[in-house]
Amino acid sequence: MKRILTAFVMLAAAAMTLLSCETLDSLNPKKKAQTEFSKMYPDARDVEWEMKLNHWEVSFETGTPPDVKECEAWFDLKSGAWLRTEIDLLESALPQVVKDALAESEYATAVMNASDIEYVETPDGNFYQLEITYKGVEIKLEVTEDGKISLGKVSLE
């Protein structure tokens with residue numbers, strides 16, 4: 001009897017979850033997000049949309065060889081508003097002001113993870129996001145274009 005009751009409760013929970021979805025259209029990016037993306041990146045290639053916990057994530061490429069850039073743009077899940085764009089960079093592409101700021105900071109001896117360097121554009125401003133290993137701990141740093149360093153924010157993707 002307990003098994004039947006447990007199975008019924010699980011089935012009811014699954015049905016409520018499915019019925020709580022607005023429509024199957026909610027699995028597609030909001031029209032506003034698609035339109036904004038097309039305006040911002042008209043030359044984007046290899047575009048892939050993926051729904052995350054609280055945003056749409058669009059992976060794409062821009063540029064032409066040898067200057068192809070791997071990018072990700074984020075759009076609000078409900079409103080479709082642009083939240084940020086992350087552009088993968090090589091360490092050699094970091095501006096001197098960023099390199100100097102790191103060299104003059106407490107993180108001067110840190111090891112930079114070369115595969116986790118990004119230029120991040122947001123409505124509130126742009127910055128470089130770097131992942132470093134400092135005293136055995138992986139840390140994300142945000143460095144503004146004028147060289148101000150702060151700890152990166154932790155977010156759920």
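**View 1. The buried residues of helix 3 (residues 96–103) are V98, A101 and L102.** Go around the helix axis and these three cover an arc of only 95 degrees, which puts them on the same side of helix 3. That fits the usual geometry: an α-helix has 3.6 residues a turn, so residues three or four places apart point the same way. As for what they pack against, the buried residues of helix 3 meet strand 5 (111–122), strand 6 (125–134), strand 7 (137–144) and strand 8 (149–151). Keep in mind for this view and the others that the model is predicted.

**View 2. Eight strands make an open sheet.** The strand order is simply 1-2-3-4-5-6-7-8, and the pairing is antiparallel. Strand 1 (45–51) and strand 8 stand at the edges with a single partner strand each, so one side of each has no neighbour in the sheet. On average, neighbouring strands here are turned by 25 degrees against each other, if you ignore direction.

**View 3. Here is the pairing of strand 4 (residues 82–88) with strand 5.** The two run antiparallel and are paired over 4 bridges. Look for D88, which stands opposite E118 of strand 5.

**View 4. F37 pairs with Y41 and with F75.** The structure holds 9 aromatic pairs. One of them, F37 with Y41, is tilted, with 5.6 Å centre to centre and 45 degrees between the planes. F37 counts as buried because its relative accessibility is 5%, and Y41 is buried too, at 14%. The pair of F37 and F75 is edge-to-face, at 6.4 Å centre to centre and 80 degrees between the planes. F37 belongs to helix 2 (residues 31–40) and F75 to strand 3 (residues 69–76), so this pair ties together parts that are 38 residues apart in sequence. Both F37 and F75 are buried. Zoom out a little and ring pairs link F37, Y41, W49, W56, F60 and F75 into a cluster.

**View 5. An arginine sits over a tryptophan ring: R84 and W74.** R84 lies over the face of W74, 4.9 Å from the ring centre.

**View 6. E61 is a buried residue of strand 2 (residues 55–62).** Its relative accessible area is 18%, and the cut-off for buried is under 20%, so E61 makes the list. Leaving out residues up to four places away in sequence, E61 touches D43, A44, R45 and D46, as well as V68, K69 and E70.

Technical notes
Residues numbered from 1 in each chain as written. Predicted model: local features only at pLDDT ≥ 70, side-chain atom pairs only at ≥ 80, totals over all residues. Heavy atoms only, no water. Buried < 20%, exposed > 50% of the residue type's maximum accessible area, 1.4 Å probe, protein only. Contact = heavy atoms within 4.5 Å. Phe/Tyr/Trp six-rings, centres within 6.5 Å; stacked < 30°, edge-to-face > 60°. Lys NZ or Arg CZ within 6 Å of the ring centre and 35° of its normal. Arc of directions from axis to C-beta. Pairing = 2+ DSSP bridges. Axes fitted to C-alpha atoms, helices over the stretch in contact; angles between N-to-C directions.
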